[in-house]
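Subject: Structure handover

Hello,

Here is the structure I said I would pass on. My notes on it follow below the entry.

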Amino acid sequence: MKVLIGSDGSDLSIRAAQRAGALFGAVESVTVLAVITSTPGDDAGGIEGSTETPEEVEADLATEESSARGAIDAATAVLPDAWKPLVKPRIEAGDAGPMLVWVAEQEGFDAIVVGSHGKGRLKRLVLGSVSEHVVHHAPCPVLVVRGSD
C-alpha cells in the first residue's frame with residue numbers, strides 16, 4: 001500500500017498521521033506532503049510588481065520551506081517505527097487540496113490521509129475545505145481524521 005499523508009504541522013494533521021499509522025498495517029511507501037500555499041513576492045504590488053526586494057522574497061521562501069520541513073518532520077515523528085525508513089518527504093507549492101489530489105494521481109497512491117477541522121457548512125462554503133476537496137476529487141480512498149470541536 002502506498003500512502004500519501006498531508007501535513008501542515010498542525011496538531012490535527014499530526015493526529016491524522018498518527019491515526020493512519022494505527023489503522024493501516026504494512027505499507028510499501030509513505031509520502032508526507034507539505035504544501036506551501038503562499039507565494040513569496042506575490043503581494044499586492046500592482047502592475048509594477050512586488051513591493052518586496054529580491055532578498056525579502058528569498059528570506060520569505062526560506063521561511064516557508066523551513067515551516068514545510070517542520071510539518072513533515074512532525075508528522076513523520078508520530079508514524080510507526082516500521083514506516084519511518086519508508087517516508088519520502090515532499091514539498092510542493094499551490095492550493096493544498098488540488099495539490100494533494102494531483103500528487104495522488106501522478107504517483108498512484110492507494111490512500112490519502114488528511115485532517116479536517118470539522119467546519120460548519122457555511123464556513124466550508126466561504127473558506128473552502130482541503131479535506132472536502134480531496135474527498136470529492138481523489139483517485140483513491142481518503143482517510144479524514146476530524147478534529148474535536
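The protein chain of this predicted model has 5 helices and 5 strands. Read from the N terminus, the order of the elements is β-α-β-α-β-α-β-α-α-β. Of the 149 residues in the chain, 36% are buried. Among contacts with a separation of 6 or more, 78% join residues that are 24 or more positions apart.

Two helices

Helix H1 covers residues 11-23, which is 13 residues. From first C-alpha to last, H1 reaches 18 Å, close to the 18 Å expected at 1.5 Å a residue. Its buried residues are Leu12, Ser13, Ile14, Ala16, Ala17, Ala20 and Gly21. An α-helix has 3.6 residues a turn, so residues three or four places apart point the same way. The cover over the buried part of H1 includes strand E1 (2-6), helix H2 (54-77), strand E4 (111-116) and strand E5 (142-146).

Helix H2 has 24 residues and reaches 34 Å between its first and last C-alpha, close to the 34 Å expected for it. Buried in H2 are Ala68, Ala71, Ile72, Ala75 and Thr76. They are covered by elements that include H1, E2 and strand E3 (87-93).

The cores

The largest nonpolar core has 22 residues. Within this core, Ile5, Phe24, Val30, Val32, Leu79, Trp83 and Val113 have the most contacts. At least two core residues come from each of E1, H1, E2, H2, E4 and E5. Another core, of 13 residues, lies apart from this one, and Leu33, Val103, Ala104 and Phe109 are among its members.

Two residues give a closer view. Val30, when neighbours within four places in sequence are left aside, is in contact with Val3, Ile5, Leu79, Trp83, Leu86, Val87 and Lys88.

Leu4 is in strand E1. Is Leu4 buried or exposed? Leu4 counts as buried because its relative accessible area is 0%, and the cut-off for buried is under 20%. Beyond its neighbours within four places in sequence, Leu4 is in contact with Thr31, Leu33, Leu100, Val103, Ala104, Phe109, Ala111, Ile112 and Val113. Leu4 and Val142 are 138 residues apart along the chain, while their C-alpha atoms are separated by 9.4 Å.

The second largest pocket

This pocket has a volume of about 150 Å³. Its lining consists of Ser7, Asp8, Ala34, Val35, Ile36, Thr37, Ser38, Glu64, Ser67, Ala68 and Ala71. Strand E2 (29-36) and H2 are the elements that give two or more residues to the lining. Which element supplies the largest share of the lining? That is H2, with 4 residues. By type, the lining residues of the second largest pocket divide into 5 nonpolar, 4 polar and 2 charged. Ala68 and Ala71 belong to this lining and are also among the buried residues of H2.

Helix H5

One residue in helix H5 (residues 130-137) is Glu132. Glu132 is partly exposed because its relative accessible area is 32%, and partly exposed runs between the 20% limit for buried and the 50% limit for exposed. The C-alpha atoms of Glu132 and Val114 are separated by 9.9 Å, with their positions 18 residues apart along the chain.

Regards

Methods:
Residues numbered from 1 in each chain as written. Predicted model: local features only at pLDDT ≥ 70, side-chain atom pairs only at ≥ 80, totals over all residues. Heavy atoms only, no water. Expected span 1.5 Å × (residues − 1). Buried < 20%, exposed > 50% of the residue type's maximum accessible area, 1.4 Å probe, protein only. Contact = heavy atoms within 4.5 Å. 1 Å grid on protein atoms, 1.4 Å probe; cavity = no way out; pocket = protein on both sides within 12 Å on 5 of 7 lines; lining within 4 Å. Points joined across faces, edges and corners; volume = space filled by probe spheres on them. Nonpolar A, V, L, I, M, F, W, Y, C, P; charged D, E, K, R; others polar. Core = buried A, V, L, I, M, F, W, Y, C linked by side-chain atoms within 4.5 Å.
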